[in-house]
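Student: Could you take me through this model with a few questions on its secondary structure, its surface and its charged side chains?

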Amino acid sequence: MSEYQIKLEAIKEYQDALHYKMMNEDLCNSLLGLLGQLSRHYEKNGMELPEEVSRIMEKASEALDSLVDSSKLAPPAIA
């Protein structure tokens with residue numbers, strides 16, 4: 001395999017990883033939105049939110065925060 005082909009393969013893998021990362025972020029956002037609607041439904045009807053739902057909301061929020069933090073660019077190095 002030539003150096004050019006190796007670089008093309010690396011670029012393809014990077015693009016695939018970015019695609020899956022964006023899909024993961026979208027899924028986390030959708031899950032949080034759905035759980036938020038569920039939470040409002042429980043609150044509106046004077047019902048207590050089940051502990052499992054609260055736990056899932058926390059885990060999804062942590063996962064999304066982690067994804068957002070990992071996508072931030074590092075500050076430029078000062079020479």
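The questions and answers below go from the whole chain to single residues.

Tutor: This is a predicted model, in which local features need pLDDT of at least 70 and side-chain atom pairs count only at pLDDT 80 or more, while totals for chains, interfaces and linings use all residues. Residues are numbered from 1 along each chain as its sequence is written, and side-chain values use heavy atoms, with hydrogens and water left out.

Student: How many helices and strands does the secondary structure of the chain come to?

Tutor: Helices (H or I, at least four residues) and strands (E, at least two) are taken as DSSP runs and numbered from the N terminus. On that basis the chain has two helices and zero strands.

Student: What percentage of the residues in the chain is buried?

Tutor: Buried means under 20% relative accessible area, exposed means over 50%, and partly exposed lies in between (1.4 Å probe, protein chains only). Of the 79 residues in the chain, the buried share is 14%.

Student: How much of the area that the chain exposes do carbon and sulfur atoms supply?

Tutor: Accessible areas come from the Shrake-Rupley method with a 1.4 Å probe, and for residues only the protein chains shown count as cover. The chain exposes about 6,800 Å², and the part supplied by carbon and sulfur atoms is 58%.

Student: Which residue forms a salt bridge with Lys-7?

Tutor: A salt bridge is a side-chain nitrogen of Lys or Arg within 4 Å of a carboxyl oxygen of Asp or Glu, and the structure holds three of them. Lys-7 and its partner are four residues apart in helix α1 (residues 3-44), and so about one helical turn separates them. Lys-7 is partly exposed at 49% relative accessible area, whereas the partner counts as exposed at 56%. With the closest N and O atoms 3.3 Å apart, the partner is Glu-3.

Student: How far apart are the closest N and O atoms of Lys-12 and Asp-16?

Tutor: Both residues lie in helix α1, four residues apart, or about one turn of the helix. Lys-12 is partly exposed at 41% relative accessible area, and Asp-16 also counts as partly exposed, at 30%. The closest N and O atoms of their salt bridge are separated by 2.9 Å.

Student: Which side chain meets Glu-25 in a salt bridge?

Tutor: The two residues both lie in helix α1, four residues apart, and the N to O distance is 3.5 Å. The partner is partly exposed, with a relative accessible area of 24%. The side chain that meets Glu-25 is that of Lys-21.
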